[in-house]
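Trainee: I am new to this structure and would like a close look at a single part of it, taken slowly and in connected steps. Could you let me see it before I put my question?

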Amino acid sequence: MTGDARTRLLDELSAVSRRYMASYALFNQAVADRIGLHPTDLQCLNLLTLEGGSVTTGRIAALTGLTTGSATRLVDRLEKAGYVVRERDAGDRRRVLVAPVPEKTAEFGRMWERLSGGWSALFDELDDAELALIIGHMRRTVEFSGEQVARLRAERA
């Protein structure tokens, strides 16, 4: 591939990536509006469901990149909306865990399934190697984004 062709492809990738991120942010806002949550709260709930159980507020802070104070306020909002409950850790009664409310999580899951029903069809024509390539890209992007968030927050401090 010539340098010019690669430059054009990288420019197109940059533009498409920016549109992708903007469309996802707008989609996230619309979903959050629909269920009455802040977009950050919605994504925290999303991350909590991926954790597979109860977590500490400190873990929520680590997952979201928020300070522990901001994470506590986020948990307060999710608790008020009925999506999580606080419970004492059976092994260490001094420790408080945040647990998703199964009924509300299921409701959230059903709404997500309705909205993303055609999403998997986007990948029907891809073979396993192409799917693996996309998964690898997404993993690297998540890692890179996390590093950039940490850098931005460190620069602000």
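Which residues of helix 2 are buried?

Mentor: Before the answer, please keep in mind that this is a predicted model. The buried residues of helix 2 are Pro39, Asp41, Leu42, Cys44, Leu45 and Leu48, and they pack against helix 1, helix 3, helix 4, strand 1, strand 2 and helix 5. That list of partners gives us a route to follow, with helix 2 itself as the starting point.

Helix 2 has 13 residues, which at 1.5 Å a residue should span 18 Å, and because its end C-alpha atoms lie 19 Å apart, the expected and computed spans agree. Just after helix 2 comes glycine 52, which takes a positive phi of about 80°.

Let us take helix 1 as the first partner to examine. Helix 1 and helix 2 pack at an angle of about 90°, and their axes are 8 Å apart. An angle between 65 and 115 degrees counts as roughly perpendicular, and helix 1 and helix 2 are therefore roughly perpendicular to each other. On the side of helix 1 the contact is made by Tyr24, Asn28, Gln29, Val31, Ala32 and Ile35, while helix 2 contributes Pro39, Leu42 and Gln43. Of these helix 2 residues, Pro39 and Leu42 also appear in the list of buried residues.

Helix 3 meets helix 2 through another set of residues. The axes of helix 2 and helix 3 come within 10 Å and cross at roughly 115°, and these two helices are therefore also described as roughly perpendicular to each other. Their crossing is right-handed, and the contact joins Cys44, Leu47, Leu48 and Glu51 of helix 2 to Arg59, Ile60, Leu63 and Thr64 of helix 3. Here it is Cys44 and Leu48 that belong to the buried residues of helix 2.

Helix 4, residues 68–80, is another of the partners, and its own geometry can be checked in the manner used for helix 2. Its 13 residues should span 18 Å at 1.5 Å a residue, and its end C-alpha atoms are 18 Å apart, which agrees. Within helix 4 the residues Ala71, Leu74, Val75 and Leu78 are buried, and because they cover an arc of only 100° around the axis, they lie on the same side of helix 4. These buried residues pack against helix 2 (39–51), helix 3 (57–64), strand 1 (84–88) and strand 2 (96–100), so that the packing between helix 2 and helix 4 can be read from the buried residues of either helix. After helix 4 comes glycine 82, whose phi is positive, near 90°.

Helix 5 can be followed in a similar way. Its 14 residues should span 20 Å at 1.5 Å a residue, and the end C-alpha atoms are 20 Å apart, which agrees. The buried residues of helix 5 are Thr105, Phe108 and Met111, and because they cover an arc of only 125° around the axis, they are placed on the same side of helix 5. The face turned away from that buried side carries the exposed residues Pro102, Glu103, Glu113 and Arg114. What covers the buried residues of helix 5 includes helix 1, helix 2 and strand 2.

Helix 1 and helix 5, both partners of helix 2, also pack against each other. Helix 1 (residues 3–35) and helix 5 (residues 102–115) pack at an angle of about 135°, with their axes 12 Å apart, and that angle makes helix 1 oblique to helix 5. The crossing is right-handed, and in it Tyr24, Phe27, Val31, Arg34 and Ile35 of helix 1 meet Phe108, Met111, Trp112 and Leu115 of helix 5. Among these helix 1 residues, Tyr24, Val31 and Ile35 also take part in the contact with helix 2.

Strand 2 is the last partner I would pick out, and valine 96 is found in it. At 31% relative accessibility, valine 96 counts as partly exposed. Leaving aside neighbours within four places in sequence, valine 96 is in contact with Thr56, Arg86, Glu87 and Arg88. The C-alpha atoms of valine 96 and threonine 57 are separated by 7.9 Å, although these residues are 39 residues apart along the chain.

Terms used
Residues are numbered from 1 along each chain as its sequence is written. This is a predicted model: local features need pLDDT of at least 70, side-chain atom pairs count only at pLDDT 80 or more; totals for chains, interfaces and linings use all residues. Side-chain values use heavy atoms; hydrogens and water are left out. Helices (H or I, at least four residues) and strands (E, at least two) are DSSP runs, numbered from the N terminus. The expected span of a helix is 1.5 Å times one less than its number of residues. Buried means under 20% relative accessible area, exposed over 50%, partly exposed in between (1.4 Å probe, protein chains only). The arc is that of the directions from the helix axis to the C-beta atoms. Contact means heavy atoms within 4.5 Å. Axes are lines fitted to C-alpha atoms, for helices over the stretch in contact, and angles run from 0 to 180 degrees between N-to-C directions. Angles under 35 degrees count as roughly parallel, over 145 as roughly antiparallel, 65 to 115 as roughly perpendicular and the rest as oblique. A crossing is left-handed if the near helix is turned anticlockwise from the far one by less than a right angle, and right-handed if clockwise.
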